[in-house]
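Thank you all for making the time this morning. I would like to take you through one structure, starting from a single side chain and working outwards, so please keep the view in front of you as I talk.

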Amino acid sequence: MELQTALKTLADKIEQLKNQIETEESTKHAFILPFINLLGYDSFNPTEVVPEYTADIGLKKGEKVDYAIFLNEQPILIIECKHWKEDLKAHCSQLARYFHVTQTRFAVLTNGIEYQFFTDLEEANKMDDKPFLECTLTQLKENNIQELAKFHKSRFDVDQIVDNASHLKYLKEIKKIIQEQLQQPAPDFVKFFATRVHSGKRITERIVEEFSELVQKAFAQTLSERVHDRLNAALNKEAEQQQEEESIEEEKPKIITTEEELEGFRIVVAILRRKIPTTRITYRDTQSYFGILLDNNNRKPICRLHLDGTKKYISLFDAQKNVSKQLLHTIDAIYNFENILLQTIDYYETTTVTS
């Protein structure tokens, strides 16, 4: 099962069960262990997933972190778990203490729904104050799934994740600043734009105050226009694709079964009904002929009618399936070939035909 599908399945399970999960231990078993498993680590293998991993700190003995993940006999990740209702912010200092003594580069704080991933970008062997990756399983975005995939057992690479962690950390901080500026632009941010568009030489407080609203509106409109443009582009692409499909459909030659062909079919049925049930006699119309079959089987052709041209014909089959084309002056002339049609049925009924 692909990681995206597995995460979606787990998220659905969380939504269904969370109100019945009343303890931290239940949270571990119902939500967190399945998450560890879908990252490729066997929670039933004590050499790979170690519960209650010892993290003694100085003179303080008996400290244990909920889970330690091992790869190639080395701890690569520690996980501290909380009840799904708990706010994770209150527990970062506890995880930082464990991180310092466990010789791993990555630590996770989770309540089974929210996951915060930490490393030591700022100072070696000291957990950063802020996570470089945060995700909520019930609200996963595409980029979250891509980052979680890097922690999968089959892809785990310490150096690659650490290099990417710096990028993620600063990207998250920049996005946060952008959000703040969109809601309430800071004076320096406003001045950046005012100095480029205002004709005056000096940017006063009054101008900053005036431009604050303009900058906020400009960003809101720009974002709205970009969303609108992308939506229109998607709709136009869909419309073009639909138009192309309709064009292809129109170019396809249409097969129209005529009343005369159906009349010919009814005559053949009338001839053969004395020998076989009418339900066994079917037709398939094609561009070049109107075929009448036994048991709806292309390998059991009874005859073919060619009625679209100025001259009309019937194609008949002998025991070796050789075809003879006979002229039809009228549609009723099919009755003239009654014996041949009955003989064709006899051939199929007495000979094993491979379907």
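**From one ring outwards**

Phe 156 has a relative accessibility of 14%, so it counts as buried, where buried means under 20% relative accessible area, exposed means over 50%, and partly exposed lies in between, using a 1.4 Å probe and protein chains only. Before I go further, please note that this is a predicted model, in which local features need pLDDT of at least 70 and side-chain atom pairs count only at pLDDT 80 or more, while totals for chains, interfaces and linings use all residues. Residues are numbered from 1 along each chain as its sequence is written, and side-chain values use heavy atoms, with hydrogens and water left out.

Which ring does Phe 156 meet edge-to-face? That ring belongs to Phe 106, with 6.0 Å from centre to centre and 90° between the planes. Here, rings of Phe, Tyr and Trp (its six-membered ring) pair if their centres lie within 6.5 Å, and planes under 30 degrees apart count as stacked, over 60 as edge-to-face and the rest as tilted. Phe 106 lies in the loop between H3 and E4, and Phe 156 in the loop between helix H4 (142-149) and helix H5 (158-183), so the pair ties together parts that are 50 residues apart in sequence. These labels come from DSSP runs, helices being H or I with at least four residues and strands being E with at least two, numbered from the N terminus. Phe 106 is at 1% relative accessibility, and therefore counts as buried.

Phe 156 also forms a tilted pair with Phe 151, at 6.3 Å centre to centre and 55° between the planes, and both Phe 151 and Phe 156 are buried. One aromatic cluster is formed by Phe 106, Phe 117, Phe 132, Phe 151 and Phe 156.

Let us now move to strand E4, residues 107-110, which is covered on both faces: Ala 107 and Leu 109 are buried on one side, and Val 108 and Thr 110 are buried on the other. That pattern is easier to read if you remember that in a regular strand the side chains alternate between the two faces of the sheet.

What are the neighbours of E4? Strand E3 (residues 74-81) runs parallel to E4 and is joined to it by four bridges, where two strands pair if DSSP finds at least two bridges between them. Within this pairing, Glu 80 has Leu 109 as its bridge partner in E4. Strand E5 (residues 114-118) runs antiparallel to E4, again with four bridges, and there Val 108 has Phe 117 as its bridge partner, the Phe 117 that we have just met in the aromatic cluster. Three residues separate the strands in the hairpin of E4 and E5, where Gly 112 takes a positive phi near 90°.

On the other side of the story, E3 is joined to E2 by five bridges in an antiparallel arrangement, with Ala 68 having Ile 78 in E3 as its bridge partner. Strand E2 (residues 64-71) is mostly covered, since seven of its eight residues are buried. Strand E1 (residues 49-54) is in turn joined to E2 by five bridges and runs antiparallel to it, and Tyr 53 stands opposite Val 65 in E2.
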